Amino acid sequence: MRLLERMRKEWFMVGIVLAIAGAKLKPSIGVNGGPLKPEITVSYIAVSTIFFNSGLSLKTEELTSALVHIKLHLFIQIFTLAFFPAAIWLFLQLLSVTPINEWLLKGLQTVGCMPPPVSSAVILTKAVGGNEAAAIFNSAFGSFLGIIITPLLLLLFLGSSSSVPFTSIFSQLFMTVVVPLIIGQIVRRYIKDWLERKKPPFGAISSSVLLMIIYTTFCDTFSNPNIDLDKFSLVLILFIIFSIQLSFMLLTFIFSTRSNSGFTPADTVAIIFCSTHKSLTLGFLSSLFVRNSNAEDSVCRPRAPLFNIRTPAHLPPGSDPSGKCAGANHKVLDGVKAEGSEVDEANSVTKEALLTLRCIYVQDCTYKQF
């Protein structure tokens with residue numbers, strides 16, 4: 001009975017384990033184009049649900065108060081978009097002399113350049129009674145900033161230029177974050193008394209949506225047959241990510257709880273989750289494509305995975321109804337046998353498909369991320 005009580009209390013952690021196990025057993029259910037259609041249900045419906053839920057549960061005064069908390073916003077954005085990537089870069093200079101796979105290190109640097117997560121920071125802040133309104137603002141504002149700042153950081157730290165479809169990403173963020181939040185606030189005005197009387201389980205609803213996001217992302221991970229990584233590098237990089245996460249959370253806690261910081265305990269919770277979590281979080285794998293200069297023909301081939309913590313909310317993988325991306329990828333994967341114009345065509349189609357699907361594209365096949 002005591003065990004059942006404990007499991008009921010920690011249902012979210014149990015849910016994470018079950019979601020990962022379920023994704024491992026049957027990944028085809030939650031992959032893009034699969035029965036769950038995560039390119040729609042996750043990228044649009046799930047994120048919209050989280051922010052509509054927040055709009056319903058938050059008082060307008062709380063949102064207004066969070067909006068003018070400039071000191072809090074500056075702390076979070078400077079930490080996550082300036083200090084975090086710079087600290088990771090310095091740390092990776094030390095790790096560069098180790099036998100860890102160099103592309104994992106580049107992937108770790110890429111994670112460090114990402115903005116705050118759109119959904120998970122809000123859900124985690126709400127779950128422990130933090131300043132949810134501040135988490136909402138910084139998650140949304142940081143994601144908008146990331147459209148511009150993340151490519152610049154990738155250029156600075158990885159030395160590669162990038163092209164990001166600003167308009168489509170901006171419009172999707174607006175429609176899945178801002179609009180649902182406003183609609184939730186409008187609906188709240190008409191059912192305010194009912195909400196206060198019934199007290200719906202907003203936290204449980206948002207956490208359940210996050211479990212769905214976790215499940216579908218791991219489905220994509222486990223369905224990828226091209227992940228080729230030695231176990232030593234994998235285990236070591238997991239330990240490094242865990243250590244970095246704990247260290248940065250402790251650092252933000254120390255800075256935000258100083259007597260002269262001006263932050264409340266609720267602010268501290270929002271700072272910890274928004275400053276130290278990235279749009280790529282929770283240890284998922286995406287493919288990192290690099291130019292194989294040693295191959296007989298110069299083509300883009302998957303050589304190593306990129307460690308991230310979650311599928312980037314502001315750069316979601318979309319559907320591929322025309323099959324262009326899949327066709328291009330098959331050509332690229334078989335590219336060692338391709339020659340001349342066929343290789344050029346494969347790379348050209350891949351670039352076009354990536355841009356259509358709103359993915360990062362870095363010139364000369366140095367880096368593409370789905």
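**Reasoning through a predicted model**

Tutor: Let's start with one residue of this predicted model: at 18% relative accessibility, Ser57 counts as buried.

Student: Why is Ser57 called buried?

Tutor: Buried means under 20% relative accessible area. Ser57 has 18%, so the residue counts as buried.

Student: Where does Ser57 lie, and how far is Ser57 from Phe202?

Tutor: Ser57 lies in helix H3. From C-alpha to C-alpha, Ser57 and Phe202 are 6.9 Å apart in space, although 145 residues separate them in sequence.

Student: What makes H3 and H10 roughly antiparallel?

Tutor: Helix H3 (residues 38–57) packs against helix H10 (residues 202–222) at an angle of about 160°, and their axes are 10 Å apart. Angles over 145 degrees count as roughly antiparallel, and therefore H3 and H10 are described that way.

Student: Which hand does the crossing of H3 and H10 have?

Tutor: Their crossing is left-handed.

Student: Let's move to Phe166. Why is Phe166 called partly exposed?

Tutor: Partly exposed covers the range between under 20%, which is buried, and over 50%, which is exposed. Phe166 has 38% relative accessibility, so the residue counts as partly exposed. Phe166 lies in helix H9.

Student: What makes up the nonpolar surface patch of about 570 Å²?

Tutor: Ile148, Leu152, Phe166, Phe170, Phe174 and Met175 make this patch. Helix H8 (132–158) and helix H9 (166–198) are the elements that give two or more residues to the patch.

Student: Which helix gives the most to the nonpolar patch?

Tutor: That is H9, with 4 residues.

Note on methods: Residues numbered from 1 in each chain as written. Predicted model: local features only at pLDDT ≥ 70, side-chain atom pairs only at ≥ 80, totals over all residues. Heavy atoms only, no water. Patch = residues over 30% accessible without salt bridge, like charges linked within 9 Å, V, L, I, M, F, W, Y side chains within 5 Å. Areas by Shrake-Rupley, 256 points an atom, 1.4 Å probe, with all protein chains shown as cover. Salt bridge = Lys/Arg side-chain N within 4 Å of Asp/Glu carboxyl O. Buried < 20%, exposed > 50% of the residue type's maximum accessible area, 1.4 Å probe, protein only. Axes fitted to C-alpha atoms, helices over the stretch in contact; angles between N-to-C directions. Parallel < 35°, antiparallel > 145°, perpendicular 65-115°, else oblique. Left-handed = near helix turned anticlockwise from the far one by under 90°.
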